[in-house]
Amino acid sequence: MASFCRIVATAARKNVWSPAVRCASSSVKVTFGDPLEHATGLEKREMLAKVAGNSNPFDTKVFKKGPGTRTQPTEIPSAYSARIVGCTCDEEATSISFMWLHMGEPKRCECGHWYKLVHKAPV
């Protein structure tokens, strides 16, 4: 009976452990290719924009203020009809004044700086 158990245990160990060892020691490398091939939807459009040279496709970086007058407001690009904009009124300010901008309506911040929403093609 002991020899039968030893044979069964040896056979089970060979069948269970051998394939894993064989696969691990294989010289075949698994590669997944280019991430652009696996991306879909908005992630793929973002990657394509970066390949095309647009490192800020969603316009999330800080804009430099322009003249900011009523006749020449700072233009903020948006693919939508409204957008939230934050203004640091003073360089040393510790808070940000947020406001909604709507397409076609220039808006004045509390500090007196003017902003205007302009159309931008979506990503």
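Author: Two strands pair if DSSP finds at least two bridges between them. Helices (H or I, at least four residues) and strands (E, at least two) are DSSP runs, numbered from the N terminus. What you're looking at is a predicted model, where local features need pLDDT of at least 70, side-chain atom pairs count only at pLDDT 80 or more, and totals for chains, interfaces and linings use all residues. Residues are numbered from 1 along each chain as its sequence is written, and side-chain values use heavy atoms, with hydrogens and water left out.

Reader: Okay, how many helices and strands are there in the protein chain?

Author: Follow the sequence and you get the pattern α-α-α-β-β-β-β-β. Count those up and the chain has 3 helices and 5 strands.

Reader: How many bridges are there between β4 and β5?

Author: Those two belong to an open sheet of 3 strands with mixed pairing, in the order β1-β5-β4. Its edge strands, pairing on one side only, are β1 and β4 (107-108). R108 has W114 of β5 as its bridge partner. Between β4 and β5 (residues 114-119), the antiparallel pairing runs over 2 bridges.

Reader: And how many bridges join β1 to β5?

Author: One bridge pair to look for is T74 with Y115 in β5. The two strands run parallel, and the number of bridges joining them is 5.

Reader: Do β2 and β3 pair in the parallel or the antiparallel sense?

Author: Start from the partners: G86 stands opposite F98 in β3, and C87 has S97 as its bridge partner. There are 6 bridges between β2 (residues 82-87) and β3, and their sense is antiparallel.

Reader: Which side chains of β2 point to the buried face?

Author: In a regular strand, side chains take turns between the two faces of the sheet. Here, buried means under 20% relative accessible area, exposed means over 50%, and partly exposed is in between (1.4 Å probe, protein chains only). In β2, A82, I84 and G86 point to the face that isn't buried, while the buried face has R83, V85 and C87.

Reader: What about β3, which residues are on its covered face?

Author: β3 covers residues 97-102, and F98, W100 and H102 sit on its uncovered face. That leaves the covered face to S97, M99 and L101.

Reader: How far apart are the C-alpha atoms of R83 and L101?

Author: R83 is in β2, and if you skip residues up to four places away in sequence, its contacts (heavy atoms within 4.5 Å) include F58, I76, M99 and L101. With the same kind of neighbours set aside, within four places, L101 is in contact with residues including I76, R83, Y115 and L117. Along the chain, R83 and L101 are 18 residues apart, yet their C-alpha atoms are separated by 5.3 Å.

Reader: Which elements give two or more residues to the largest nonpolar core?

Author: A nonpolar core is a set of buried Ala, Val, Leu, Ile, Met, Phe, Trp, Tyr and Cys residues joined through side-chain atoms within 4.5 Å. The largest one has 8 residues: I76, V85, C87, M99, L101, C109, Y115 and L117. The elements that give two or more of them are β2, β3 and β5.

Reader: Which element gives the most to the lining of the largest pocket?

Author: A pocket is an open set of points on a 1 Å grid over the protein atoms alone, where a 1.4 Å probe fits, with protein on both sides within 12 Å along at least five of seven lines; lining residues have an atom within 4 Å of a point. The largest pocket holds about 460 Å³ of space. Of its 18 lining residues, K61, V62, F63, G86 and C87 are the closest to its centre. The top contributor, with 5 residues, is β2.

Reader: Which elements each supply at least two residues of the lining of the second largest pocket?

Author: The second largest pocket has about 250 Å³ of space. Among its 14 lining residues, P57, F58, A79, Y80 and V123 are closest to the centre. The elements that each supply at least two are α3 (41-51) and β1.

Reader: Last one: what percentage of the protein chain's residues is buried?

Author: Some parts are well covered, such as β1, where 4 of its 5 residues are buried. Across the 123 residues of the chain, the buried share is 18%.

Methods
Points joined across faces, edges and corners; volume = space filled by probe spheres on them.
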